[in-house]
Amino acid sequence: MNILVTNDDGILAPALRALRSELAALGRVVVVAPDRDQSATSHSLTLHRPFRIHRHEADIYSVDGTPTDCVVCAWYGLLEAPPDLVISGINHGPNMGEDVFYSGTVAAAIEGAMQGSPALSVSLATRELTDFVAPASFVARLARRVMERGLPRRRLLNVNIPFRPWEEIRGVAVTTLGSRVYRDTLVRKVDPRGRDYYWIGGEDPVWDPREGTDFNAVHEGWISVTPLKLDLTDEPAVDTVQEWNLQK
Ligand code: MN
């Protein structure tokens, strides 16, 4: 089995090493990751400049591009055959609710699913220093299950792991995407030359605590597994908008 591992935290992220060693028992693991932190780059693709791929050692590559570039490169040249599984992560920080739209981690898994592989995006809900070993070993067990059961086309699993001693994790909950309470602000400052500059800021995200959501599960100490699909069509709204009788 060929597993493609990527992330958005960059090739130096310690999670990659942990993941690579835990996945080794499942098959060949090829790491193709951005050469630097590309968090919150979402699904962007590098189209307006050339980029380079650096081979660090056998089956480890960095790309001076985005997580999506990494998956595209792997599919269209770096690997001899399409990967049997794409794993993106383990991200250093959660990717829940609407954050899946900003996340480079989730975008890379979405790209894998778009290209036709089963795909997982995995995040650890902390920004504290940690070794990722127990989470990586869970990912390996989950990866094995995904390979046994398969995933339907254009589907992926978005996984968020709570940050606490492994024995205090209560189990695995299959969840829906939660919802953030947005309190972002645009902070305007003035630079030394008298010109305005801006920061998108705000306090730490606050979540709607609804039961059954990824946020609620992680908050309560469960590993959250959210099945995602790429088709964003709002099916009931197709009929509703139809009734508007739009004219050209
Ligand atoms: Mn990240």
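Q: How do you know that the span of helix 4 (residues 133–149) agrees with its 17 residues?
A: The expected span of a helix is 1.5 Å times one less than its number of residues. For helix 4 that gives 24 Å, and the end C-alpha atoms are 25 Å apart, which agrees. Helices here are DSSP runs (H or I, at least four residues), as strands are (E, at least two), numbered from the N terminus.

This is a predicted model: local features need pLDDT of at least 70, side-chain atom pairs count only at pLDDT 80 or more, and totals for chains, interfaces and linings use all residues. Residues are numbered from 1 along each chain as its sequence is written, and side-chain values use heavy atoms, with hydrogens and water left out.

Q: Why is Asp 8 called buried?
A: Buried means under 20% relative accessible area, exposed over 50%, and partly exposed in between (1.4 Å probe, protein chains only). Asp 8 has 2%, so Asp 8 is buried.

Q: Why is Ser 39 called partly exposed?
A: Its relative accessible area is 35%, so Ser 39 falls in the partly exposed class.

Q: What makes Asp 8 and Ser 39 protein donors of the manganese ion?
A: Donors are N, O and S atoms within 2.8 Å of the metal (3.2 Å for Na, K and Ca); water is not among the atoms, so sites may look incomplete. Asp 8 (OD) and Ser 39 (OG) are among the protein donors lying 2.1 to 2.3 Å from the manganese ion. Asp 8 lies in the loop between strand 1 and helix 1, and Ser 39 in the loop between strand 2 and strand 3, so the pair ties together parts 31 residues apart in sequence.
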